[in-house]
Amino acid sequence: MRLAELAARLHCVLEGDGEANIASVASLGHAGPGDLSYLADARYLTQAAASRAGALLAPPDLALPPASGAASAHARRVNWLRTPRPDLALAQALELLRPAWRPPPGIHPTASIHPTAQLGPECHVGAFVAIGEGCRLGPGAVLHPHVVLYPRVVAGARLLVHAHVVIREDTRLGDDVVLQPGVVLGGDGYGFARRDDGSHAKVPQVGVVDIGDRVEIQANSCVDRATLEATYIRSGVKIDNLTQVAHNCEVGPDTLLCAQVGLAGSTRIGARAVLAGQVGVAGHCTLGDEVVITAQSGTHGDLPAGGMYSGSPAFDHAQWLRATAVFARLGELQREVRKLRARLGPEPAKDA
Amino acid sequence: MRLAELAARLHCVLEGDGEANIASVASLGHAGPGDLSYLADARYLTQAAASRAGALLAPPDLALPPASGAASAHARRVNWLRTPRPDLALAQALELLRPAWRPPPGIHPTASIHPTAQLGPECHVGAFVAIGEGCRLGPGAVLHPHVVLYPRVVAGARLLVHAHVVIREDTRLGDDVVLQPGVVLGGDGYGFARRDDGSHAKVPQVGVVDIGDRVEIQANSCVDRATLEATYIRSGVKIDNLTQVAHNCEVGPDTLLCAQVGLAGSTRIGARAVLAGQVGVAGHCTLGDEVVITAQSGTHGDLPAGGMYSGSPAFDHAQWLRATAVFARLGELQREVRKLRARLGPEPAKDA
Amino acid sequence: MRLAELAARLHCVLEGDGEANIASVASLGHAGPGDLSYLADARYLTQAAASRAGALLAPPDLALPPASGAASAHARRVNWLRTPRPDLALAQALELLRPAWRPPPGIHPTASIHPTAQLGPECHVGAFVAIGEGCRLGPGAVLHPHVVLYPRVVAGARLLVHAHVVIREDTRLGDDVVLQPGVVLGGDGYGFARRDDGSHAKVPQVGVVDIGDRVEIQANSCVDRATLEATYIRSGVKIDNLTQVAHNCEVGPDTLLCAQVGLAGSTRIGARAVLAGQVGVAGHCTLGDEVVITAQSGTHGDLPAGGMYSGSPAFDHAQWLRATAVFARLGELQREVRKLRARLGPEPAKDA
């Protein structure tokens, strides 16, 4: 694609040779003259100066460092695509220049589809896919090999489901949902009632899972069905690998759950929150909109909207930074206190 | 079902209209006149007062708050099912009124069953199930689509296995075992011997996994086979999603392992213990009966029976509560010590 | 096998009856006269003295404790196989005496293999395996039932893949790779660009996963494909269950990632490092060779080679041991400081 055309499509300002031909996208270290590359900020300027990329996506005012001789000559011929959001432009450039592999419409002869199931037009159903009674999928669905849909799964348009995903009965999914390999939706919640002898009676889990639009759930993550009613993953939520969402939770719109996060039962997370890797939230908690929790932290209480929290149990992030700085020198602090006590001498008897 | 009959079946004391017809179960907020709902304790009384439920499961002495006008009129017509354990009664009510979907007996034509495998009567075998040489399953087994049994898996009665479960060779299972989607039983243990050059020789893992009766293991959890002999999950154990039980562990009867718990190799957990979410236990530890470990805690030592432990490394829970309260204000404590030192002035030379 | 022959094959020094017949391997407590058992160090001498094993693998100078009567008589007839590394000898002994079950070469009639896929000689392809367009597998591959290879997966010799593994398109694997059940290679990385309205645009993940030689990845672990270029798992790496390796990471040769470890994006781990269970590493970190991180620790910064680190955030292990010892008594430390302050009396006004 001509660079001038690419600039127009990506809504970028072109600085340089609009006739340059750009065929692909690569990182700064791997890019050649036919590749677009990108740098998000000034930390990558040295790599960018050494890059052979045919064009660079970058924020408006980023300039390569002044250099002498050959490097200087090189610097002169860089073609820039300027945009305040090179990350968003990169996402679009990849869709244009390196479209992800996607199988064509058609139904593999080995697939097992219940006669009552309804598939929209232009669907792809891979080898050994099993679709249960009464399922209904919108147009353009792609089910990779070995996907299992239990009865009565209902999904909107353009569902993309990778191999070995299991979607249990009565799960509802919106439009443009993406499920990476091994995801389990609608497994039974962990609901048991303890008998007096210490054994546990299973509480049947007869609710469902309800997934909004534009949700992506990544490899081997699990969303359990509700005991009654539904576990909700609202529109725009993105869930990384190996994450656990327990029964009756509600994850608010556009919230991010990073890898290995665990939410216990009946917890509600607001909109646009970010839970970093390995965060845990206890059951029946309510976390406000735009809460940020840093990696490996955990909370067993509610957290108000908009704050940043760290630690296990979690509290204000700035306060936690101070506390962890002292923690690393806790041995010294203890010695200091002992010294002070020694200097004050034995306690008066009345203190005992 | 008539409420009087339901009360009898659930062993509850009826207060109200025994002729009321109850068809289903719903939560307080969703229940209508044909639904049974429940409240475990007084925290839910306000919701209960606003509920339209046809009957309420509740402890004996729980009463709706006195209210005026319409609310008061409403309060009068509540039908109560009284029981000291509404949670246990709820489990029974769900079995009666909202039985979970379960496929009928029969073998799907696409299933691949080795001719030497033996299945008891009334089994259901779903699409693309693969059953290896010499497997033996008791009566009433349900294998959902895509279950894989390696050779010589032996199970008792009423095995219920969800889609994409893998049970490796020689695994033994008792009666009434439930496996949610994606569970892996009998994967190789993580056993490697380090060579002098830093590379690792695999120690073949030739033991098995042995699962007792009434065990439930939930989605995408893993129990590794032993190096030699067996990894034991004793009767009544319930394991939540994404949990790891390493080779040669033994998990005692009726113990609960919540989501994302990890047990390293050769660790033994006693009976009726509770390990909350994301807890880790190092290898070769012994934890006593009825130990409780709170979420995200970890231990690399033994823990005596009956205690409650927190932290990483874990210690007594009450002591940990005090320590974490101070931790959050560790910056202040350090400033306090510095102030005290300043007030005492420079240290005498002999102290250095 | 005659014990003398076994000693020769294991490169051990025989002390005892070379004519003894050894048929299998068992742990000290389960071994009988026909079994080889082993003890790594002196902690197991009491068990060894009570063992009925026909021979014992042990370090050169380990001797059973002097005992009286029957025990003493028993001690005299122990046959020893002496080696400085009984763990390595055990691994070899298991390969000789208890070879793991492995299915014979052949292709199951239900397997779905794309006509363009190439398989080397002596491969086993199990029931319902799906192999996509253009895949190439070296000689001796074993694919257990329900393995899914997306298009263009390329692997070296003796690939061993257990049931329900998913390998997405364009993944490259070296020789002697072992994948336990449920592993996902090449799932999309967690790459999203936040729009101004708080929603997220997916950054297409068009890179690949590149796995070296002699890598083993255990049950339900995930290695994500790179955004661009490759995520690298170098030769000799061993990854335990339920572990997450994010897009664009590089895990150096012979490094161990224990169960439930999580690496965020673009992180590089050196050679021969050990990350214990549930460790987390933030994105864009660089960890040096032979770094050891203890269980449940986490780091968001770089770590130099060769150190041992603990805590979340992690710092020097020895320093952390001191800090955690004080942490457990933090309540006392605070009381001590308050007492000292009380003894010094009210602060002079100028301090405020």
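These exercises, each with a worked solution, walk through a predicted model.

Residues are numbered from 1 along each chain as its sequence is written, while chains are lettered from A and ligands numbered from 1 in the order in which they are written. Because the model is predicted, local features need pLDDT of at least 70 and side-chain atom pairs count only at pLDDT 80 or more, whereas totals for chains, interfaces and linings use all residues.

**Exercise 1. The build of chain A**

Task: Find how many helices and strands chain A has, and set its radius of gyration beside that of a compact globule.

Solution: Start with the secondary structure, where helices (H or I, at least four residues) and strands (E, at least two) are DSSP runs numbered from the N terminus. Chain A has six helices and 38 strands.

Next, take the radius of gyration, which is computed over C-alpha atoms; the globule rule is 2.2 Å times the number of residues to the power 0.38. For 352 residues a compact globule would come near 20 Å, but chain A has 27 Å. The C-alpha trace of chain A spans about 90 × 70 × 30 Å along its principal axes.

Then turn to burial: a residue is buried if 20 or more other C-beta atoms lie within 10 Å of its own, exposed if 12 or fewer, and partly exposed in between, with C-beta atoms placed from the backbone. Of the 352 residues in chain A, 54% are buried.

Last, look at contacts, meaning pairs whose C-beta atoms, placed from the backbone, lie within 7 Å. Among the contacts in chain A with a separation of 6 or more, 21% link residues 24 or more positions apart.

**Exercise 2. The sheet of chain A**

Task: Trace the strand order of the open sheet in chain A and name its edge strands.

Solution: Count two strands as paired if DSSP finds at least two bridges between them. In chain A, 12 strands then form an open sheet with mixed pairing, in the order E6-E9-E12-E15-E18-E23-E26-E29-E32-E35-E37-E38. Its edges are strand E6 (106-107) and strand E38 (315-316), each of which pairs on one side only.

Now zoom in on one pair: strand E35 (residues 292-293) and strand E37 (residues 308-310) of chain A are parallel and share two bridges. Here Ile293(A) sits opposite Tyr309(A) of E37(A).

Chain C offers another pair to inspect: its strands E26 (residues 238-239) and E29 (residues 256-257) run parallel, joined by two bridges. Lys238(C) has Leu256(C) in E29(C) as its bridge partner.

**Exercise 3. The nonpolar core**

Task: Identify the residues with the most contacts inside the largest nonpolar core, and list what Leu56(A) touches.

Solution: A nonpolar core is a set of buried Ala, Val, Leu, Ile, Met, Phe, Trp, Tyr and Cys residues joined through C-beta atoms within 7 Å. The largest one holds 333 residues, and the most contacts inside it belong to Leu56(A), Leu57(A), Leu56(B), Leu57(B), Leu56(C) and Leu57(C).

Setting aside neighbours within four places in sequence, Leu56(A) is in contact with Ser37(A), Tyr38(A), Leu39(A), Ala48(A), Val78(A), Trp80(A) and Leu81(A).

**Exercise 4. Gln118(B)**

Task: Is Gln118(B) buried, exposed or partly exposed?

Solution: First place Gln118(B) in strand E8 (residues 118-119) of chain B. Then count its C-beta neighbours inside 10 Å: there are 13, so Gln118(B) is partly exposed. Finally, Gly138(B) is 20 residues away along the chain, with 8.5 Å between the two C-alpha atoms.

**Exercise 5. How the chains meet**

Task: Work out the symmetry relation of chains A and B, then describe the side of chain A that touches chain C.

Solution: Superpose the copies by least squares on the C-alpha atoms of residues with pLDDT of at least 70 in both. A turn of 120° and a shift of 0.0 Å along the axis lay chain B on chain A with an RMSD of 0.0 Å. That is the relation of a three-fold axis.

Next, consider the contact of chains A and C, which takes 52 residues from chain A and 54 residues from chain C. Helix H4 (86-97), helix H5 (317-327) and helix H6 (330-344) of chain A each give two or more residues to the side that touches chain C. H6(A) provides the largest share, seven residues. By class, this side of chain A has 24 nonpolar, 18 polar and 10 charged residues; Ala, Val, Leu, Ile, Met, Phe, Trp, Tyr, Cys and Pro count as nonpolar, Asp, Glu, Lys and Arg as charged, and the others, Gly among them, as polar.

To finish, compare the interfaces: only 19% of the interface residues of chain A are also interface residues in chain C, so the copies meet through different surfaces.

Terms used:
Two residues are in contact if their C-beta atoms, placed from the backbone, lie within 7 Å.
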